[in-house]
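Q: I have a structure open and want to learn to read its features. Where do we start?

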Amino acid sequence: METYSLKVMAVDKTFFDGHCASLIIPSLDGLVGILAHHENMVIAVKEGEIRITLEDGSEIEALVGIGFFEIMNNRATLLVQTVERPEEIDVARAREAEERAMEHLRQKQSLREYYHTQAALSRAMSRLKTASKHK
Amino acid sequence: MASIKEIQVRKKSIQDTMKITNAMYMISSSKLKKAKKNLEATEPYFYTLQNTMSQILRHIPDMKNIYFDQHEEKDPEEKRIGYIVITADKGLVGAYNHNILKLAEEQLQSCAKPVLFVLGEVGRQYFKRKKIDIEEEFQYTVQNPTLGRARKIAENVLEMYREGRLDEVYIIYTKMASFMQAEAETVKLLPLKKSDFYINPLVDMRMEELAMKPDACTVVNHIAADYFVGFVYGALVESFCSEQNSRMMAMEAAVDNAEEMLWELDIMYNRARQAVITQQITEVISGAKAQKKKKLS
């Protein structure tokens with residue numbers, strides 16, 4: 001399988017730097033798979049799971065926060081705010097965050113607070129979803 | 001010559017100050033270690049973010065979007081410009097705060113309607129003393145930067161920008177230029193300006209079309225906000241590291257100076273002590289001589 005170079009970076013670490021055969025990312029309107037020689041493109045990424053398939057067929061799964069993906073001349077960069085392996089997810093913390101966000105949503109709040117809570121809730125929910133899948 | 005007592009008091013006070021500076025040196029050096037680790041982890045992201053962003057902006061098709069709107073119709077005098085200024089929470093950091101505030105002052109001169117978002121207690125006090133208005137609700141610490149705090153800061157500023165209460169946003173922070181060198185820097189965050197990134201058009205002459213998914217406008221909205229958060233976080237980390245670095249160096253210099261002063265005072269003290277002893281001996285001898293003379297006569 002043809003490969004392309006990929007960098008996955010979060011604010012606090014470089015998660016992946018190397019060649020891969022394919023990558024699946026959660027875009028705003030659904031999952032997108034990227035193969036080698038993809039058209040030059042910028043994709044907005046929302047929180048969810050990514051799946052990197054290496055040349056030998058092995059797969060790496062991870063949970064990412066919001067960010068964006070860029071592929072240009074067969075070189076791809078995925079820049080996200082957070083990236084975690086499924087086994088690294090702190091379920092208790094995510095559940096707490098989810099409850100807190102739900103509670104906040106029930107109260108009256110300004111538009112900014114609303115967006116803030118909404119973002120926090122979707123982060124927590126995507127963590128919980130990924131974690132439960134990998135139990 | 002100062003009296004022995006005076007020299008001793010002075011020595012004591014220097015020693016006490018030295019204890020403080022020495023403790024601060026140790027604290028900041030251990031904090032620096034942590035901050036450096038943080039910085040090393042963040043730096044690749046921070047630089048890739050800037051590079052990728054410039055690459056994307058170079059290839060992006062023309063569009064009408066709030067993040068690109070340069071507000072050219074507005075008189076430069078009328079523009080409301082937001083500055084995010086990152087200072088330290090306390091002094092004793094050498095020139096760190098001074099450099100940032102000097103840069104901020106320079107920027108303020110050229111701008112009629114500034115809106116200041118000041119991070120760090122030193123900066124807040126400084127602008128209050130100068131009677132320059134700052135955003136009061138903007139109370140964040142600069143210690144141990146986290147992504148959550150960067151998000152909140154970004155949300156605050158972005159909201160004002162979207163509502164049209166700000167026309168431009170700059171960030172003034174300190175960058176670790178090299179291992180030991182910190183540098184204050186101003187960066188324009190909003191609006192995104194395509195021509196800013198036209199530094200060297202010869203290198204990349206072909207203007208490739210860059211597809212956007214789902215569509216150009218959504219993508220720009222999404223990544224502009226993300227870029228903002230990422231940049232604020234990166235700037236916070238860089239600043240925190242620079243702060244600890246300058247504090248460590250300032251405290252090191254202070255301890256060195258104190259040691260030198262103590263050494264000089266030691267010599268002075270010994271001289272004074274010797275002078276007193278000499279004087280006492282002279283007194284005893286002259287007393288004894290006088291007694292002898294008395295007996296003889």
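Q: In strand β8 of chain A, which residue is the bridge partner of A44(A)?
A: Strands of a sheet pair through backbone hydrogen bonds, either parallel or antiparallel. In this predicted model, the partner of A44(A) is F68(A). The two strands involved, β5(A) and β8 (residues 67-72) of chain A, run antiparallel and share 5 bridges.

Q: With which strand of chain B does β5(A) pair, and in which sense, parallel or antiparallel?
A: The strand is β5 of chain B, residues 211-213, and the sense is parallel, over 3 bridges. Within that pairing, I43(A) has K213(B) as its bridge partner. So read β5(A) from two directions: antiparallel to β8(A), and parallel to β5(B), where a bridge marks paired residues and at least two bridges make a strand pair.

Q: Which residues of β5(A) point one way, and which the other?
A: In a regular strand the side chains alternate between the two faces of the sheet. Here M41(A), I43(A) and V45(A) point one way, while V42(A) and A44(A) point the other.

Q: Is β5(A) mostly covered or mostly open?
A: Mostly covered. The strand spans residues 41-45, and 5 of its 5 residues are buried. Buried here means under 20% relative accessible area. The residues pointing either way are all buried.

Q: What should I look at in the loop between β4 and β5 of chain A?
A: Check backbone torsions. H37(A) sits in that loop, after β4 (30-35). Its phi is near 60°, a positive value in a residue other than glycine.

Q: Is H37(A) buried or exposed?
A: Exposed. Its relative accessibility is 52%, and the cut-off for exposed is over 50%.

Q: What is the phi of N144(B)?
A: About 40°, again positive, and N144(B) is not a glycine. Its loop joins α3 (121-129) to α4 (147-162) in chain B. At 39% relative accessibility, N144(B) counts as partly exposed.

Q: How do I read the order of strands in the open sheet of chain B?
A: Read across the sheet, not along the sequence. The 4 strands lie in the order β2-β1-β3-β4, with mixed pairing. β2 (113-119) and β4 (182-190) of chain B are the edges; each has a single partner strand, so one side of each lacks a neighbour in the sheet. From one strand to the next, the twist averages 20°.

Q: In what sense do β1 and β2 of chain B pair, parallel or antiparallel?
A: Parallel, over 7 bridges; β1(B) covers residues 80-86. For a single bridge to inspect, take I84(B), whose partner in β2(B) is F117(B).

Q: How many helices and strands does chain B have?
A: Chain B has 5 helices and 5 strands. From the N terminus, they run α-β-α-β-α-α-β-β-β-α. Now compare size with the globule rule. The radius of gyration is 30 Å, well over the 19 Å the rule gives for 297 residues, so chain B is more spread out than a compact globule. The C-alpha atoms fill a box of roughly 120 × 40 × 35 Å along the principal axes.

Q: Where is W263(B) placed?
A: In helix α5 of chain B, residues 216-296. W263(B) is exposed, with a relative accessible area of 58%. For a sense of distance, take A184(B): 79 residues from W263(B) in sequence, and 36 Å in space between C-alpha atoms.

Q: What share of the residues in chain B is buried?
A: The share is 44% of 297 residues. Among contacts with a separation of 6 or more, 76% join residues 24 or more positions apart. Chain B exposes about 16100 Å², with 55% supplied by carbon and sulfur atoms.

Q: What are the corresponding values for chain A?
A: Buried residues are 50% of the 135 in chain A. Residues 24 or more positions apart make up 51% of its contacts with a separation of 6 or more. The accessible surface is about 7000 Å², 48% of it from carbon and sulfur atoms. The C-alpha trace spans about 50 × 30 × 25 Å along its principal axes.

Q: In what order do the elements of chain A run?
A: The order is β-β-β-β-β-β-β-β-β-β-α-α from the N terminus. That is 10 strands and 2 helices.

Q: Which feature does UniProt place at residues 87-131 of chain A?
A: An unreviewed UniProt entry gives "domain: ATP synthase epsilon subunit C-terminal". In the model, that span is 82% helix and 0% strand, and its end C-alpha atoms lie 7 Å apart.

Key. Residues are numbered from 1 along each chain as its sequence is written. Chains are lettered from A and ligands numbered from 1 in the order in which they are written. This is a predicted model: local features need pLDDT of at least 70, side-chain atom pairs count only at pLDDT 80 or more; totals for chains, interfaces and linings use all residues. Side-chain values use heavy atoms; hydrogens and water are left out. Axes are lines fitted to C-alpha atoms, for helices over the stretch in contact, and angles run from 0 to 180 degrees between N-to-C directions. The radius of gyration is taken over C-alpha atoms; the globule rule is 2.2 Å times the number of residues to the power 0.38. Buried means under 20% relative accessible area, exposed over 50%, partly exposed in between (1.4 Å probe, protein chains only). Contact means heavy atoms within 4.5 Å. Accessible areas come from the Shrake-Rupley method with a 1.4 Å probe; for residues, only the protein chains shown count as cover. UniProt positions are given in the numbering used here, feature names are shortened, and annotations may be inferred rather than shown by experiment.
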